[in-house]
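Here's a quick briefing to read alongside the model. Have the sequence and the 3D view open as you go.

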Amino acid sequence: MKAWRLLAVVAALVVLASVPAWGSDVLVQFGINALLLAVLAQGWNIIGGYTGYPSFGNSVFYGLGTYGVAIAMAQWHLPFVIGLGLGVLLAVVFALLLGVPVLRLRGHYFAIATLALAGVMAAIVSNIPLAGQNIGLVLPPLNNDRLFYLLALGLLVAVTLTIWGLAHSRFGYGLIAIRENEDSAAAMGVNTTLYKVLAFALSALFSALAGGIHAYWITFIDPGSAFDITLNVQMIIMAVFGGAGSVLGPILGALVLSAVSEVLSSELTHVAGLFFGAVIVAAVVLMPRGLTDLTRRLRALGWRYFAENIRANRL
Amino acid sequence: MELLAQIVVNGILLGGLYAVMALGLALVWGVLNIVNLAHGSFIMLGAYCSWHLFHYLHVDPFLGLPLTAAVLFVFGYAVQRGVLNLIVRAPMFNTLLLTFGLDVVLADLAQLAFTADFRAINPGYAGSQWQIGPLVVPLVKLGAFAAAVVLTLAVWLFLLHTRLGRAIRATAQNLVAAHLYGVEPRHLYAMTFGIGMALAGAAGGLYGTVSQINPYIGASLTLKSFAIAIIGGLENPLGVLVGGLILGVIEALTTLYVGPTYADVASFGILLAVLIVRPTGLLGRTA
């Protein structure tokens with residue numbers, strides 16, 4: 001079973017890596033978006049899925065990553081790689097500084113505090129001249145979608161390997177312990193503050209890299225699109241739809257939902273958003289533990305799987 | 001000095017309205033432990049309900065409030081009974097996600113039904129204002145403020161002194177114990193959510209008289225409601241009223257002295273500061 005799964009993952013990776021060789025421009029562009037969303041969903045998975053802290057601040061990390069690249073390239077004429085470094089630095093420092101007070105909050109309060117952070121950032125950045133205020137910044141274009149595709153895929157592999165390593169390490173077990181019961185974890189000797197802040201920073205690192213790549217690819221950024229809270233909601237939806245707290249679930253969720261929303265918005269322009277919302281509602285009610293749990297247990301239980309989920313969570 | 005006084009008056013008038021917006025959110029959050037990301041969309045639906053009553057049936061927006069609230073109550077009761085009750089015991093971000101999905105559905109349905117055009121409820125007395133010394137008080141805003149204060153006090157008295165209000169408070173404290181004393185949780189949850197959404201609907205009707213509405217106003221109203229509920233705490237409607245007034249005045253002052261782009265920074269900054277320094281709300285304990 002283990003070998004079979006490994007083989008499937010490798011085969012999927014080969015197919016994904018070969019897309020630029022045979023895919024159309026539209027497919028490659030769709031792929032870049034979907035892969036970057038998958039990276040973001042994985043980044044959220046570290047703090048939300050494994051540690052159990054429903055962060056709405058990951059779009060801030062993404063935004064800082066985009067602005068790191070944009071400021072370095074558009075304002076200072078530095079190479080892309082240095083921009084990525086700057087973005088990561090900004091995001092990680094932000095995560096470390098704000099993580100300490102904000103991660104003391106639990107549950108809904110943490111969610112709302114990070115939501116407020118995300119709301120504040122767009123307004124602050126739109127008042128900074130270096131960041132182009134509310135007009136935004138234009139980056140030098142690089143018309144090489146295939147390169148961006150491979151960058152995005154490489155980043156996805158990196159974040160997934162990190163999460164895989166995490167899931168089998170002392171650090172990862174610590175995070176899971178915090179998710180299940182933070183007080184018990186602390187009593188067992190887990191340095192909860194340190195673990196949470198590190199998880200937040202790790203999450204920030206990958207989100208910022210995804211933002212940086214997206215900024216260079218799209219060549220234009222402004223505060224509204226860089227610090228977009230709906231992007232954060234998308235990450236959460238994709239991670240939870242696929243299976244938060246699993247190694248591959250968020251990727252599955254991101255790719256499936258990206259495809260669904262792409263098809264919908266081209267076929268049923270009027271009701272695409274409506275249908276997307278309905279899919280979310282249905283998914284949360286019928287398969288609250290995501291696609292990975294569904295694939296594991298649907299065969300054994302059949303339709304009773306959905307009934308049992310409802311029974312487990314209803315009043 | 002006169003300008004400052006005028007700004008504070010404007011802030012207070014707006015703050016009363018903010019308070020009613022947040023009241024339903026705080027009630028649902030405090031009692032059902034559901035953070036309703038669709039709250040703003042319910043406010044939006046209330047605003048459209050009031051607009052339709054005014055535009056087609058020429059019902060005065062203030063007199064139409066009970067009807068709007070009743071419509072939203074029924075809708076809220078049905079949503080809780082049919083959907084939200086199914087996931088009440090699920091992990092927190094599942095409830096967040098579900099209400100977000102609901103928000104998307106409501107906003108898109110509203111766009112299909114009412115188009116994305118901006119609407120406003122403009123009764124004949126919309127332009128009237130009172131001159132009190134150097135201060136100008138627009139009649140509509142004063143009416144919205146007065147209605148907001150009355151509603152807040154009514155909710156407070158209702159929770160304290162009625163049988164249903166006591167059942168709601170008992171459930172907020174201990175669901176199992178309340179159940180043992182004869183509270184039927186599915187019905188009570190739906191009643192609570194219905195009342196919360198009736199308040200959201202009334203807030204929407206008032207909002208429509210002081211501002212323009214479209215199907216997508218919900219998200220920012222949800223965020224504001226959060227800020228107020230956090231500042232005021234979840235336990236006491238009077239706390240929410242104070243929270244709304246604080247936010248209204250701070251937004252007005254920031255807009256004047258720092259700049260309109262900083263109004264949201266100020267309100268969310270305060271929200272953050274309150275959460276970090278005093279996570280139980282400025283007044284009293286949160287649930």
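What follows covers the build of one chain and then two surface patches.

This is a predicted model, so keep that in mind throughout. Chain A comes with 15 helices and two strands, and its radius of gyration is 19 Å, which agrees with the value near 20 Å for a compact globule of 315 residues.

**Chain A overall**
- The C-alpha trace of chain A spans about 55 × 50 × 40 Å along its principal axes.
- Of the 315 residues in chain A, 55% count as buried.

**A nonpolar patch on chain A**
- A:W76, A:L78, A:I82, A:I124, A:I128 and A:L130 come together on the surface as a nonpolar patch.
- Taken together, these six side-chain neighbours offer about 480 Å² of accessible area.
- If you want a spot to start from, try A:L78, which sits in the loop between α3 (58-75) and α4 (80-102) of chain A.
- A:L78 has a relative accessible area of 32%, so it counts as partly exposed, a class that runs between the 20% and 50% cut-offs.

**A positive patch with residues from chains A and B**
- A:R311 and A:R314 gather with B:R81, B:R89 and B:R186 in a surface patch of positive charge.
- B:R186 belongs to helix α8 of chain B, which covers residues 185-210.
- At a relative accessible area of 35%, B:R186 is partly exposed, and patch members need over 30%.

How values were computed. Residues numbered from 1 in each chain as written. Chains lettered and ligands numbered in written order. Predicted model: local features only at pLDDT ≥ 70, side-chain atom pairs only at ≥ 80, totals over all residues. Heavy atoms only, no water. Patch = residues over 30% accessible without salt bridge, like charges linked within 9 Å, V, L, I, M, F, W, Y side chains within 5 Å. Areas by Shrake-Rupley, 256 points an atom, 1.4 Å probe, with all protein chains shown as cover. Salt bridge = Lys/Arg side-chain N within 4 Å of Asp/Glu carboxyl O. Lys, Arg positive; Asp, Glu negative; His and termini not counted. Charge placed at Lys NZ, Arg CZ, Asp CG, Glu CD. Helix = DSSP H or I, 4+ residues; strand = E, 2+ residues; numbered from the N terminus. Buried < 20%, exposed > 50% of the residue type's maximum accessible area, 1.4 Å probe, protein only. Rg over C-alpha atoms; globule rule 2.2 N^0.38 Å.
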